[in-house]
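Trainee: I should like to understand how the parts of this structure fit together. May we examine it step by step?

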Amino acid sequence: MIRVAVLTVSDSRKVGIQKDLSGPALQARIAALGWSNVKIGIVADEKDQIATWIRECADSGEVDLILSTGGTGVAIRDVTPEAVRTVIDREVPGIGELMRSEGAKITPLSYLSRGMGGTRGRVLIAAVPGSPKGAVESLDAFAHLIPHMVGLLQGRDVHADEKEKRAETE
């Protein structure tokens, strides 16, 4: 079971001016994938708040995956990728590349997203767009890779497991 935390990054949602729709949309998709929602949060578009929440969550040992939604565009207040880069050990460029390339099949505006991913210790972290539709579509773009990545981060020999599964079906 993959344990997931969801962080919404939004000034207006943090103070209650607008209702958070992206966080709940991701939570519903996580449940549909059979994963577990273990932590939910909302912070303002402030690098230090984003970084602190993600760092504390990743270091807690309670999650395998952290998804942040919002703050990945090109507006001045969109600082999520910068915040995430301060807490990750290693960037995984393919996550952002895959989100944008799959998103471009739906809208050419996906190339304006600065969504990205990386790791901190044994935790996978990904920043996805802030719209409910964009957040879920971006997660779906790389969801099939998450069990493999989490397995590798946890030190499991996922390559041997995959070979064994293929041998069973042949």
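Trainee: Which residues in α6 do Ile95, Leu98, Met99 and Glu102 in α5 meet?

Mentor: This is a predicted model, in which local features need pLDDT of at least 70, side-chain atom pairs count only at pLDDT 80 or more, and totals for chains, interfaces and linings use all residues. Residues are numbered from 1 along each chain as its sequence is written, and side-chain values use heavy atoms, with hydrogens and water left out. Contact means heavy atoms within 4.5 Å. The partners in α6 of these α5 residues are Ser138, Ala141 and Phe142.

Trainee: At what angle do helix α5 and helix α6 pack, and what is that arrangement called?

Mentor: Helices (H or I, at least four residues) and strands (E, at least two) are DSSP runs, numbered from the N terminus. Axes are lines fitted to C-alpha atoms, for helices over the stretch in contact, and angles run from 0 to 180 degrees between N-to-C directions. Helix α5 (residues 93–103) and helix α6 (residues 132–142) have axes 8 Å apart and pack at about 120°. Because angles under 35 degrees count as roughly parallel, over 145 as roughly antiparallel and 65 to 115 as roughly perpendicular, with the rest oblique, α5 is to α6 oblique.

Trainee: Which strands stand at the edges of the open sheet?

Mentor: Two strands pair if DSSP finds at least two bridges between them. The six strands have mixed pairing and the order β2-β1-β3-β6-β5-β4. Each edge strand has a single partner, so one side of each is left without a neighbour in the sheet; these strands are β2 (36–43) and β4 (90–91).

Trainee: Which residue in β6 stands opposite threonine 119?

Mentor: Strand β5 (residues 116–120) and strand β6 (residues 123–128) run antiparallel, joined by five bridges. Opposite threonine 119 in β6 stands leucine 124.
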